[in-house]
Amino acid sequence: MKDLMRIQCLISQDIETLLNQQIKKEAHSSSLYLSMSSWCDQNGYDYSADYFLKQSEEERVHQLKLFKYVLDMGGNAISPEVSSIKTEFASFREVFEDALEAEIAITQSFKNIAAKCHKEQDFVTMEFLNWFLKEQREEEYKARRALELFEVIGEEGTGRWEIDKHVNKINYSEE
C-alpha cells in the first residue's frame, strides 16, 4: 500500500523531505520571533514587540501553507517539534541582527529547494515556491531596513526609542 501511495504522490521523496525540513524551519522562525517579541516587550520596546509578533504570525502562515501543499500533493506533512529557541539577547540591536540572519537563512533554504525542483523538473512545486521566494525578498528587505535604523538614527539618548517607533512603519513595495 505504501508503494501505491508514493506513486500517487505528486512530489518526490527528496522534495517532500526538503519541504518538511522547511516546515520545521518556518515553525522555528515563528517561535524565534515570538521570543524576540517577548524580549522586546520585557525591555519596553512595545512597537518592536508588535512587529515581531506579526512576523511570528507570518512565519506560522508560511509553515501551514507548506504543510497543506505537501498534503495536497499526496505527501506526508510532518508537524515539527521546535526546541532550542533563543530567549535572551545582549541588546536591542542583536534582536534585529538575529532576525536578518534568520531571514537570510530561510531565503537560502528556499533557493536550495527551488534548485532541487529545477533539477527534478518539478515545475509544479517550483511554481508554488515562487510565492515564497517573492515573500523572502520582502522579509529580507524589512529586516535590513530595520537594522539600518540603528545606523541612521543611532542608539544614543532617545535613539532606541525612535528606532522602536519606526520599526512598524517599514513597508516594502515592488514598484
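Helices (H or I, at least four residues) and strands (E, at least two) are DSSP runs, numbered from the N terminus. With that in hand, here are some exercises to work through beside the structure.

This is a predicted model, in which local features need pLDDT of at least 70, side-chain atom pairs count only at pLDDT 80 or more, and totals for chains, interfaces and linings use all residues. Residues are numbered from 1 along each chain as its sequence is written, and side-chain values use heavy atoms, with hydrogens and water left out.

**Exercise 1. Get your bearings**

Task: Work out how many helices and strands the chain has, and what its overall dimensions are.

Solution:
- Step 1. Tally the elements: there are six helices and zero strands.
- Step 2. Read them from the N terminus, and the order is α-α-α-α-α-α.
- Step 3. For the dimensions, the C-alpha trace spans about 65 × 35 × 20 Å along its principal axes.
- Step 4. Turn to burial, where buried means under 20% relative accessible area, exposed over 50%, and partly exposed in between (1.4 Å probe, protein chains only). Of the 175 residues in the chain, 42% are buried.
- Step 5. Finish with contacts, meaning heavy atoms within 4.5 Å. Take those between residues at least 6 apart in sequence: 76% of them join residues at least 24 apart.

**Exercise 2. Two loop residues**

Task: Find where Ser84 and Gln121 lie, and decide whether each is buried or exposed.

Solution:
- Step 1. Ser84 belongs to the loop between α3 and α4 (92-120).
- Step 2. The phi angle of Ser84 is near 60°, a positive value in a residue other than glycine.
- Step 3. Ser84 counts as exposed because its relative accessibility is 68%.
- Step 4. Gln121 sits in the loop between α4 and α5.
- Step 5. Gln121 also has phi near 60°, again positive in a residue other than glycine.
- Step 6. With 58% relative accessibility, Gln121 counts as exposed.

**Exercise 3. How α3 and α5 pack**

Task: Describe how α3 and α5 are placed relative to each other.

Solution:
- Step 1. Two packed helices are described by the angle between their axes and the distance between the axes.
- Step 2. Axes are lines fitted to C-alpha atoms, for helices over the stretch in contact, and angles run from 0 to 180 degrees between N-to-C directions.
- Step 3. The axes of α3 (residues 46-72) and α5 come within 12 Å and cross at roughly 170°. That makes the two helices roughly antiparallel, a label for angles over 145 degrees (under 35 is roughly parallel, 65 to 115 roughly perpendicular, the rest oblique).
- Step 4. Look at who meets whom: the α3 side includes Tyr51, Gln55, His62 and Tyr69, and the α5 side includes Phe128, Trp131, Glu139 and Lys142.

**Exercise 4. A buried acid**

Task: Identify which side chain makes a polar contact with Glu139.

Solution:
- Step 1. Locate Glu139 in helix α5 (residues 123-153).
- Step 2. Glu139 is buried and has no salt bridge; Lys142, the nearest side chain of opposite charge, is 4.6 Å away. A salt bridge needs a side-chain nitrogen of Lys or Arg within 4 Å of a carboxyl oxygen of Asp or Glu. For charge, Lys and Arg count as positive and Asp and Glu as negative, while His and the chain ends are not counted.
- Step 3. The partner is Gln55, whose side chain joins that of Glu139 in a polar contact of 2.6 Å. A polar contact is a pair of N or O atoms within 3.5 Å; within protein, one must be able to donate a hydrogen and the other to accept it, and residues adjacent in sequence count only if both atoms are side-chain atoms.
- Step 4. Setting aside neighbours within four places in sequence, Glu139 is in contact with Gln55, Glu58, Glu59, His62 and Glu103.

**Exercise 5. Salt bridges**

Task: Determine how many salt bridges the whole structure has, and examine the one between Asp14 and Lys116.

Solution:
- Step 1. The search of the whole structure finds twelve salt bridges.
- Step 2. Asp14 and Lys116 pair at 3.4 Å, N to O. Asp14 is in helix α2 (residues 13-42) and Lys116 in helix α4, so this pair ties together parts that are 102 residues apart in sequence.
- Step 3. Both ends are partly exposed, Asp14 at 42% relative accessible area and Lys116 at 22%.
- Step 4. For a pair within one helix, take Glu148 and Arg145, with closest N and O atoms 2.8 Å apart. Both lie in α5, three residues apart, about one turn of the helix.
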